[in-house]
Amino acid sequence: MTRYIIRRLLALIPVVLGLTLVVFLLVNVVPGDTARLIAGEYADEKTVESIRVAMGLDKPVLEQYKNYLLSLAKGDLGRSYQTHRPVAEELMTVFPKTIQVALTTEVISIIVGLLLGMTAALHRGSLYDRGISMFGVLGLSIPQFWFALILQLLLAVQLKWLPPSGYQNGFDIYIILPAITLGIPSAGMMSRVSRSAFLEVIPQNYIRTARAKGLRERSVVWKHALKNALIPVLSLVGTDMSRLLTGTMIVESVFTWPGIGKYGYDALFYKDMPALQGTVLVLAVAICLVNLFVDILYAAADPRVRYS
């Protein structure tokens, strides 16, 4: 297992280099003069040219990319055009807040989705099964921005149970509305995947053997069926965590949650290229690490999985 982890980490190096190239090229082909954005709309050409020379924007693209890689090696992601602060420092502030929402959402979706999927599989064809399947479809079909606004209107404005938006400490009352907004689609998908996984596991011979030995149904489900149904669930967890880390832009903007999604949205809106570049790169690396973590969990969940 240790060798496998080392190989996967080494394999991430060319992936990250490729990501840096893609991010660098995408940002550099965006219409607009970076030096002009920094200097301002009414700055004279002499000022703009001096900024261009100071930032190395007058050099060939390959040399600019080389300097960009050297800066990344030092942990320097540049300075924000808006705040004039290092982008790395700002990302270290906002990214943990997105992780808070993502982890809370994932815990909710795993608990709710697994329980619903297990119930639907054990009562296949019943009203429970149909209702849970309908919940899964609705959860995946509802637009998140609309659902977020409805939750704000109902739970915050009308009933006054929760604050409509904001951030305080992270894992507090302010996280409930964003977590519910993101958690309903995740729980819907989790219920459908876990239902299919349980339906494949329950007819297996080892389940029949466990029941023939006289084990209680609860023990058969939780100790035998659940462990063998976790592989597709873990795959979904990895995919869902990647979605939550990269897809929170709308939800964070609606609830003014100061995470990396809102940070990236503001950077895009104000054409803050260093901030946008750093946001995309950090999210891409985070997705690679999430996938590595999920692969490691495979072996822990299923002893049949072994990496040579």
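Okay, a quick term before we start: we call a crossing right-handed when the near helix is turned clockwise from the far one by less than a right angle. Keep that in mind, and remember that this is a predicted model.

So, the pair I want to show you is α9, residues 205-212, and α10, residues 217-228, whose axes come within 10 Å and cross at roughly 160°. That makes α9 roughly antiparallel to α10, because anything over 145 degrees counts that way. And here's where the term comes in: α9 passes α10 in a right-handed crossing. Who's touching whom? On the α9 side you've got Tyr 206, Ile 207, Ala 210 and Arg 211, and on the α10 side Glu 217, Val 220, His 224, Ala 225 and Asn 228. Sort the residues of that contact by type and you get five nonpolar, two polar and two charged.

Okay, on to the core. The largest nonpolar one has 60 residues, and the members touching the most others are Tyr 68, Leu 77, Leu 91, Leu 177, Phe 198 and Leu 245. Helix α5, residues 87-122, puts in the largest share of this core, with 10 residues. Take Leu 91: setting aside neighbours within four places in sequence, its contacts are Leu 77, Pro 96, Ile 260, Tyr 263, Gly 278, Thr 279 and Val 282.

Last stop, Ile 184, which sits in helix α8, residues 176-201. Buried or exposed? Neither, really: Ile 184 is partly exposed, because its relative accessible area is 25% and buried would mean under 20%. Again leaving out neighbours within four places in sequence, Ile 184 contacts Phe 135, Gly 139 and Phe 147. And from Ile 184 to Thr 104 is 80 residues in sequence, but 12 Å in space, C-alpha to C-alpha.

Methods:
Residues numbered from 1 in each chain as written. Predicted model: local features only at pLDDT ≥ 70, side-chain atom pairs only at ≥ 80, totals over all residues. Heavy atoms only, no water. Axes fitted to C-alpha atoms, helices over the stretch in contact; angles between N-to-C directions. Helix = DSSP H or I, 4+ residues; strand = E, 2+ residues; numbered from the N terminus. Parallel < 35°, antiparallel > 145°, perpendicular 65-115°, else oblique. Contact = heavy atoms within 4.5 Å. Nonpolar A, V, L, I, M, F, W, Y, C, P; charged D, E, K, R; others polar. Core = buried A, V, L, I, M, F, W, Y, C linked by side-chain atoms within 4.5 Å. Buried < 20%, exposed > 50% of the residue type's maximum accessible area, 1.4 Å probe, protein only.
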